[in-house]
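I opened this notebook to keep a record of what I looked up, item by item, with cysteines, internal voids and strand pairing as the topics.

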Amino acid sequence: NLPTFPADEKGVATRSANGKVMNAIAGEIPWLIGGSADLAPSTKTLIDGAASFAKDEQGGRNLHFGVREHAMGAIVNGMTLSKLKAYGSTFLVFSDYMRPSIRLASLMKIPAIFIFTHDSIGVGEDGPTHQPVEHIASLRAMPNIEVIRPADANECSVLWKYILKVTDRPVTLALSRQNLPTLDREKYASAEGALKGGYVLADSNGQPDVIIMGTGSEIQLCITAYEKLHSEGIDARVVSMPCWTLFDAQSEDYKESVLPQAVTARIAVEAGATMGWSEYTGSRDAVLGIDDFGTSAPIKDAMQEYGFHVDAVVDAAKKRI
């Protein structure tokens, strides 16, 4: 019953799409239970029609943890150890407050689910205190954990197939506050490719001149740059990499088919710390990211300020070629 989202240029925030996916799952899995650290209306993680867990309502499935992220993580771990499918949610920047409990989930090898929204400088006017920069890289550095940042609503939906099967590690989802285009899967590759962690989303005939890779909200820039390069006679390939560890676990043949070693002209685009991307690009200079704190500004202005616009991606691709 996982939803499929129609192509839509305006699209939907992945936090909103994720809420719809979770509610579809909740109807089939009655032991899915969880909540938010004060922010359920913002993280979109309420189970519709379900009661709130309380002293006199112990059958409730929506937990209101309060502003105490570390305790939330610990409670989610405890419920997971009790064989419930448990989740907790908050803004990505506040994952710092619950890092010890996330780390314990990784150490214990349990499939706790941690849902983080407002995943980049796309938070906008809330400013640097609420704009995560280093958080995704920091979580990726933790052993035995899956960090997933879907590019659109359908990647988010498809990846829950994997999340529900994981038994030996926690999963973190990094989701957008802002709307992201829902990609036309008739024109571009099926979202099922996300189940391999990284896949060729858009391609040219034969060997590409340049590979443009990214995650989350920046995939829309990669696709637009790809189309512009194609119009100029440059063969580009777009690779969506929503989960590095899942991609790394694939066969060598598959990884070579996505990122052929013969193609050394590569760039990566992600609105976060550049650390780690050189593993795939071959050079840290080839990464369009953010190695500084954000700024308080409308989302379009913030993205422009930090170089997340189509011309910057096109110029970077040409430079690598």
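The entries below go through those topics in turn.

**Entry 1, the model.** I note at the outset that I am working from a predicted model, and I read every value that follows as computed from it.

**Entry 2, cysteines.** I asked first how many disulfides a search of the whole structure finds. The search returned zero. I then looked at Cys156, which takes part in no disulfide and has the sulfur of Cys243 as its nearest cysteine sulfur, 13 Å away. Seen from the other end, Cys243 is likewise in no disulfide, and the nearest cysteine sulfur to it, that of Cys156, lies 13 Å away. The cut-off for a disulfide is a pair of cysteine sulfur atoms within 2.5 Å.

I also wanted to know whether Cys156 is buried or exposed. Cys156 counts as buried because its relative accessibility is 1%, the limit for that class being under 20%. Cys243 is buried too, with a relative accessible area of 0%.

**Entry 3, cavities.** Searching the whole structure for cavities of 30 Å³ or more, I found two. The largest has a volume of about 50 Å³, and I listed its lining as Leu92, Asp119, Pro132, Val133, Ile136, Ala137, Glu270, Ala271, Gly272 and Ala273. Sorted by class, that lining of the largest cavity comprises seven nonpolar residues, one polar residue and two charged residues.

For the second largest cavity I recorded a volume of about 40 Å³, with a lining made up of Ala151, Leu180, Pro181, Leu183, Gly216, Ser217, Ile219 and Gln220. Which elements give two or more residues to this lining? They are the strand β8 (179-182) and the helix α7 (219-231). By class, I count five nonpolar and three polar residues in the lining of the second largest cavity, and no charged ones.

**Entry 4, a sheet.** I next traced an open sheet of five strands, whose order is β9-β11-β10-β12-β13 and whose pairing is mixed. The strands at its edges are β9 (199-202) and β13 (287-288), each of which pairs on one side only.

Within this sheet I followed one pairing in detail, that of β10 (residues 210-214) with β12 (residues 266-269), where the two strands run parallel and are joined by four bridges. As a single instance, I noted that Ile212 has Ile267 in β12 as its bridge partner.

Conventions: Residues numbered from 1 in each chain as written. Predicted model: local features only at pLDDT ≥ 70, side-chain atom pairs only at ≥ 80, totals over all residues. Heavy atoms only, no water. Buried < 20%, exposed > 50% of the residue type's maximum accessible area, 1.4 Å probe, protein only. 1 Å grid on protein atoms, 1.4 Å probe; cavity = no way out; pocket = protein on both sides within 12 Å on 5 of 7 lines; lining within 4 Å. Points joined across faces, edges and corners; volume = space filled by probe spheres on them. Nonpolar A, V, L, I, M, F, W, Y, C, P; charged D, E, K, R; others polar. Pairing = 2+ DSSP bridges.
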